[in-house]
Amino acid sequence: MPYVNIKITREGATTAQKARLITGVTELLQKVLGKNPATTVVVIDEVETDNWGIGGETVTVRRQRGS
């Protein structure tokens, strides 16, 4: 039973976009590894940009200064 955890920043991904991610990942695991879609679990975690850091600073700060 594959378990895939996708983490994205919470910045407006639509319900339809998230559904496409879930479908796409499930199909990819079936095509590449022969995994059963009925037992494939995909979880999307949306993280606030204040809670996501890169290079020692938050994504919020990086985006404010244009990095």
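**Exercise 1. Decide whether glycine 66 is buried or exposed in this predicted model, and place the residue relative to the secondary structure.**

Step 1. The relative accessible area of glycine 66 is 65%, and the class "exposed" begins over 50%, so glycine 66 is exposed.

Step 2. Along the chain, glycine 66 belongs to the segment that comes after α2.

Step 3. As for its position in space, the C-alpha atom of glycine 66 is separated by 14 Å from that of threonine 49, with the two positions 17 residues apart along the chain.

**Exercise 2. Determine in which helix threonine 60 is placed, and describe its accessibility and its contacts.**

Step 1. Threonine 60 has its place in helix α2, which covers residues 59–64.

Step 2. With a relative accessible area of 19%, threonine 60 falls under the 20% limit and therefore counts as buried.

Step 3. When neighbours within four places in sequence are left aside, threonine 60 is in contact with Thr49 and Asp50.

Step 4. With threonine 49 there is also a polar contact, made from side chain to side chain at 2.5 Å.

**Exercise 3. Locate threonine 40 and work out which residues surround it.**

Step 1. Threonine 40 lies in the loop that links α1 (15–33) to β2 (41–47).

Step 2. Its relative accessibility is 12%, so threonine 40 counts as buried although it is a loop residue.

Step 3. Not counting residues up to four places away in sequence, threonine 40 touches Pro2, Thr26, Leu29 and Lys35.

Step 4. A polar atom of the threonine 40 side chain lies 2.9 Å from the backbone oxygen of asparagine 36.

**Exercise 4. Describe the surroundings of isoleucine 8 in its strand, and give its separation from valine 43.**

Step 1. Isoleucine 8 is part of strand β1, made up of residues 3–9.

Step 2. Beyond residues up to four places away in sequence, isoleucine 8 touches Ala13, Ile44, Asp45, Glu46, Val47 and Trp52.

Step 3. Isoleucine 8 and valine 43 are 35 residues apart in sequence, and their C-alpha atoms are 11 Å apart in space.

**Exercise 5. Characterise glycine 53 by its strand, its accessibility and its separation from lysine 31.**

Step 1. Glycine 53 is found in strand β3, which consists of residues 53–54.

Step 2. Since its relative accessible area is 58%, glycine 53 is exposed.

Step 3. From glycine 53 to lysine 31 the C-alpha distance is 34 Å, while the separation in sequence is 22 residues.

**Exercise 6. Establish how the elements follow one another, and explain why the protein is described as more spread out than a compact globule.**

Step 1. The protein has two helices and four strands, and from the N terminus on these elements run β-α-β-β-β-α.

Step 2. The radius of gyration is 15 Å, whereas the globule rule gives 11 Å for 67 residues; because the value is well over that expectation, the protein is more spread out than a compact globule.

Step 3. The C-alpha trace spans about 45 × 25 × 15 Å along the principal axes.

**Exercise 7. Summarise burial, contacts, surface and charge for the whole protein.**

Step 1. Of the 67 residues, 22% are buried.

Step 2. Considering contacts between residues at least 6 apart in sequence, 62% join residues at least 24 apart.

Step 3. The accessible surface comes to about 4,800 Å², and carbon and sulfur atoms account for 53% of it.

Step 4. There are 9 positive and 7 negative charges, and the mean positions of the two groups are 6 Å apart.

Notes:
Residues numbered from 1 in each chain as written. Predicted model: local features only at pLDDT ≥ 70, side-chain atom pairs only at ≥ 80, totals over all residues. Heavy atoms only, no water. Rg over C-alpha atoms; globule rule 2.2 N^0.38 Å. Buried < 20%, exposed > 50% of the residue type's maximum accessible area, 1.4 Å probe, protein only. Contact = heavy atoms within 4.5 Å. Areas by Shrake-Rupley, 256 points an atom, 1.4 Å probe, with all protein chains shown as cover. Lys, Arg positive; Asp, Glu negative; His and termini not counted. Charge placed at Lys NZ, Arg CZ, Asp CG, Glu CD. Polar contact = N/O pair within 3.5 Å; in protein donor to acceptor, adjacent residues only side chain to side chain.
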